[in-house]
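Ready to work through a few exercises on a structure? Have a go at each task yourself, then follow the solution step by step.

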Amino acid sequence: TQFADALCQCGGKVFRLDTDEDEGAAVRTCIKCSGRHAIADSDEYLADAELQGHCCLCDKDHFEITVGVSLYPASQDVRWLYIGCRCPSCGLTGVYADWKNEYLDYRALLAKV
């Protein structure tokens with residue numbers, strides 16, 4: 001129900017994406033500056049994560065990334081996290097990862113996208 005687009009500190013908007021849905025961890029790597037950034041609260045789970053890279057059906061591995069969360073009813077607390085990607089090469093969009101996420105205050109979580 002709430003969303004945030006990934007934007008690198010350098011201004012880059014296109015990233016490689018690596019995720020581990022079992023651990024609830026994701027990292028984006030900026031195509032422009034090569035900066036690596038944990039998505040949301042992933043930094044807390046990276047030590048145990050086995051990250052896997054993603055590719056589009058067109059075999060490109062660069063994406064625009066949007067993170068969405070669903071909330072518990074009448075709450076600001078996160079119930080589920082979704083990582084959506086759009087391939088700038090072919091335009092295909094999809095959810096590339098999702099997991100249960102028990103984070104208090106969705107605004108704080110989405111600020112870490």
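A residue is called buried at under 20% relative accessible area, exposed at over 50% and partly exposed in between, using a 1.4 Å probe and protein chains only. This is a predicted model, where local features need pLDDT of at least 70 and side-chain atom pairs count only at pLDDT 80 or more, while totals for chains, interfaces and linings use all residues. Residues are numbered from 1 along each chain as its sequence is written, and side-chain values use heavy atoms, with hydrogens and water left out.

**Exercise 1. Find the salt bridge between Arg36 and Asp18, and sort both residues by accessibility.**

Start with the rule: a side-chain nitrogen of Lys or Arg has to be within 4 Å of a carboxyl oxygen of Asp or Glu. In this pair the closest N and O atoms are 3.9 Å apart. Next, place the partners: Arg36 belongs to strand β4 and Asp18 to strand β2, so the bridge ties together parts 18 residues apart in sequence. (Strands are DSSP runs of E with at least two residues, and helices are runs of H or I with at least four, numbered from the N terminus.) Last, check accessibility: Asp18 is at 18%, so it counts as buried, whereas Arg36 has 52% and is exposed.

**Exercise 2. Work out how many salt bridges the model has, and describe the ones made by Asp61 and Glu64.**

The rule gives four salt bridges. One of them joins Asp61 to Arg16, at 3.2 Å from N to O. Asp61 sits in the loop between β5 and β6 and Arg16 in strand β2 (residues 15–20), so to speak distant parts of the chain, 45 residues apart. Asp61 is partly exposed at 24%, and so is Arg16 at 35%.

Now take Glu64, whose partner is Arg86, with the closest N and O atoms 3.1 Å apart. Glu64 is in strand β6 and Arg86 in strand β7 (residues 78–86), so this bridge connects parts that are 22 residues apart in sequence. Glu64 comes out as partly exposed with 31%, and Arg86 is partly exposed with 33%.

**Exercise 3. Which side chain of opposite charge is nearest to Asp41?**

First, locate Asp41: look in the loop between β4 and β5. For charges, Lys and Arg count as positive and Asp and Glu as negative, with His and the chain ends not counted. The nearest opposite charge is Lys112, 6.7 Å away, and Asp41 is buried yet has no salt bridge. Then list its contacts (heavy atoms within 4.5 Å): leaving aside residues up to four places away in sequence, Asp41 touches Asn101, Tyr103 and Leu109.

**Exercise 4. Describe the aromatic pair of Phe63 and Tyr96.**

Two numbers are needed: a pair of aromatic rings is described by the distance of the centres and the angle of the planes. Rings of Phe, Tyr and Trp (its six-membered ring) pair if their centres lie within 6.5 Å, and planes under 30 degrees apart are stacked, over 60 edge-to-face and the rest tilted. The count is one aromatic pair. The ring centres of Phe63 and Tyr96 are 4.8 Å apart with planes at 55 degrees, so the pair is tilted. Phe63 is in the loop between β5 (52–53) and β6 (64–71) and Tyr96 in strand β8 (residues 93–100), so parts 33 residues apart in sequence are tied together. Both Phe63 and Tyr96 are buried.
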